[in-house]
Amino acid sequence: MELSQEITEYIKEITRNCYKPNTSLDIFKLLKNLNIEFWTSDMNGQSDLSGAIVKEKDDKFTVYVNSTDSEKRRRFTICHEIGHYISYKCNSYSKQEFETNGFIEDNYSVLARITGTISPAEIEANQIAAEILMPEIRFRDLISREYSIDEIAELFDVSAQAVKIRAKILGIEIGENKFAAC
Ligand SMILES: [Zn+2]
């Protein structure tokens, strides 16, 4: 799945001032810019629930992340949830998801990130998360300058695994020697 042009342009616009000088995304600045409320929660001990985004009727959004997950996983999860928000704003997959598949109660809708859940809205949210954490242009630039997987992971403040998945999705061959972790 490729992100639509509308989404990639929207991402550029909202993240413009959110990257720290060292390259990594300032997630809290982005949440603030988008006026999304943010909470950590132990999810009542539900360890397969890494995060969720709640949309209220008046389009007020709140992101929750599982406080027991590792710092890097929480970072990815928050961006995944922001991904649902971006998709909603751009009338993409999460829009229908919020309107039909969310657990609708009186006046709010919830999308939860549960291990193993696969749907176009979830795949798209993961891709948006990868793009805002590791923008393609900057990612390709670091690869072409022969940074290692670990160095790239450190610059973007993501896991080495996330860098490998990003490279695979962008169709970038990872030479075992060149990019192998030291
Ligand atoms: Zn999700």
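Helices in this tour are DSSP runs of H or I with at least four residues, strands are runs of E with at least two, and both are numbered from the N terminus. With that in hand, start at E146, which sits in the loop between α6 (136-144) and α7. Keep in mind that you are looking at a predicted model.

**Stop 1: E146 and its loop**

Select E146 and check its backbone. Its phi is positive, about 65°, although E146 is not a glycine. Most residues other than glycine have a negative phi. Is E146 buried or exposed? Exposed is the answer, because a residue with 12 or fewer C-beta neighbours inside 10 Å falls in that class, and E146 has 10.

**Stop 2: helix α7**

Now move along to α7, residues 149-156, and colour I149, I152, A153 and F156: these are the buried residues of the helix. Turn the view until you look down the axis of α7; the buried residues fall within an arc of 100°, so they line one face of the helix. An α-helix has 3.6 residues a turn, so residues three or four places apart point the same way. Just after α7, click on D157, where phi is positive again at about 55°.

**Stop 3: the two domains**

Zoom out and give each domain its own colour. Domain 1 covers 5-133 and domain 2 covers 135-182, according to the domain assignment. Taken over C-alpha atoms, their centres are 23 Å apart. How many residues of domain 1 are in contact with domain 2? There are 9, and they meet 11 residues of domain 2. To find the domain 1 side, select α3 (71-89) and α5 (120-133), the elements that give two or more residues to it. By class, that side has 3 nonpolar, 3 polar and 3 charged residues.

**Stop 4: the sheet**

Next, show the strands. You should find an open sheet of 4 strands in the order β1-β3-β2-β4, with mixed pairing. Which strands are at the edges? They are β1 (37-41) and β4 (108-114), and each pairs on one side only. Tilt the sheet to see its twist, which averages 15° from one strand to the next.

Then pick out β2, residues 49-56, alongside β4: the two run antiparallel and are joined by 7 bridges. For one spot to click on, try G51, which stands opposite R113 in β4. Bring α3 back into view as well, since there is another thing to see there. This helix lies across β2, β3 (61-66) and β4, and runs at about 30° to β2.

**Stop 5: D59**

Stay with the sheet and follow the chain from β2 to β3; D59 lies in the loop between them. Phi of D59 is near 65°, a positive value in a residue other than glycine. D59 is exposed, with 10 other C-beta atoms within 10 Å.

**Stop 6: Y93**

Finish at Y93, found in helix α4 (residues 93-101). Y93 is partly exposed, because it has 19 other C-beta atoms within 10 Å and a residue needs 20 or more to count as buried. Which residues does Y93 contact, leaving aside its neighbours within four places in sequence? Select S87, P120, A121 and E124 to see them. For a last look, draw a distance from Y93 to A125: their C-alpha atoms are separated by 9.0 Å, while the two residues are 32 residues apart along the chain.

Terms used:
Residues numbered from 1 in each chain as written. Predicted model: local features only at pLDDT ≥ 70, side-chain atom pairs only at ≥ 80, totals over all residues. Domains from an automatic or database assignment. Contact = placed C-beta atoms within 7 Å. Nonpolar A, V, L, I, M, F, W, Y, C, P; charged D, E, K, R; others polar. Arc of directions from axis to C-beta. Pairing = 2+ DSSP bridges. Axes fitted to C-alpha atoms, helices over the stretch in contact; angles between N-to-C directions.
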